[in-house]
Amino acid sequence: MIGVGDTAPDFIAPAVSGGTAIELELFRLVRGHDAVVCCFAPATFVPACTAELAAVRDAGWSERDDLAVAALTGDSLYAAFAYADRFDLSFPVVADFHGGVAESYDLLAESWEGHSDIPRRATVVVDGDWTVRFAAATHDALDRAESAPVERATEALREVGVDVERPRVDYDADWER
């Protein structure tokens with residue numbers, strides 16, 4: 001897994017943002033913000049991952065001028081459209097369908113639920129100088145972390161001057177509705 005202090009790899013990938021298909025260019029997010037949070041998930045509609053992304057949404061992270069958020073999943077762009085719409089995600093959902101972005105961050109899962117070449121569940125914070133300020137991953141996409149990676153990322157964001165509300169992850173919510 002990529003480590004704190006490493007230089008974050010750049011990427012361009014297909015994504016859904018505001019109901020539109022786009023090419024998400026990480027360099028534009030880094031250039032325009034004090035920090036970027038990349039939330040990796042093996043697939044859309046995974047309850048533990050959805051709980052974390054909903055917590056980020058509810059904490060208002062993507063509504064700030066100094067912070068950008070992107071979700072990166074191992075699903076297709078079509079799944080990203082349905083997922084972003086269903087959970088009203090106000091940040092881009094990237095289709096890392098073949099795991100290229102996850103691989104560049106050393107977050108590629110060997111296998112999960114019969115799938116390969118997909119991202120592990122992880123959160124990475126990149127500052128405006130391309131330095132990884134926080135990186136944490138779970139071993140299983142379904143783990144209910146005692147303290148979710150997105151919750152633990154809050155301190156790293158504050159250290160770079162982005163004073164955010166800590167997301168409150170509710171793993172017990174009914175994310176399969």
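Y83 and F87 are both buried in this predicted model. Their rings form an aromatic pair. The centres lie 5.3 Å apart, and the angle between the planes is 65°. This geometry is edge-to-face.

The count of aromatic pairs comes to five. F40 and Y105 form a tilted pair, because their planes meet at 50°, a value that is neither under 30 degrees nor over 60. The ring centres of F40 and Y105 are 5.6 Å apart. This pair links distant parts of the chain. F40 sits in strand β3, which covers residues 35-41. Y105 lies in the loop between α4 (100-104) and β6 (108-109). The two residues are 65 residues apart. Both F40 and Y105 are buried. Ring pairs also join F40 and Y105 with F11 in a cluster.

The cysteines were examined next. A search of the whole structure finds zero disulfides. C39 is in no disulfide. The nearest cysteine sulfur to that of C39 belongs to C38, 7.7 Å away. A disulfide needs two cysteine sulfur atoms within 2.5 Å. C39 has a relative accessible area of 5%, so this residue is buried.

C49 is likewise in no disulfide. Its nearest cysteine sulfur is that of C39, at 9.6 Å. C49 has a relative accessibility of 3% and therefore counts as buried. The cut-off for buried is under 20% relative accessible area.

Definitions and conventions:
Residues are numbered from 1 along each chain as its sequence is written. This is a predicted model: local features need pLDDT of at least 70, side-chain atom pairs count only at pLDDT 80 or more; totals for chains, interfaces and linings use all residues. Side-chain values use heavy atoms; hydrogens and water are left out. Rings of Phe, Tyr and Trp (its six-membered ring) pair if their centres lie within 6.5 Å; planes under 30 degrees apart count as stacked, over 60 as edge-to-face and the rest as tilted. Helices (H or I, at least four residues) and strands (E, at least two) are DSSP runs, numbered from the N terminus. Buried means under 20% relative accessible area, exposed over 50%, partly exposed in between (1.4 Å probe, protein chains only).
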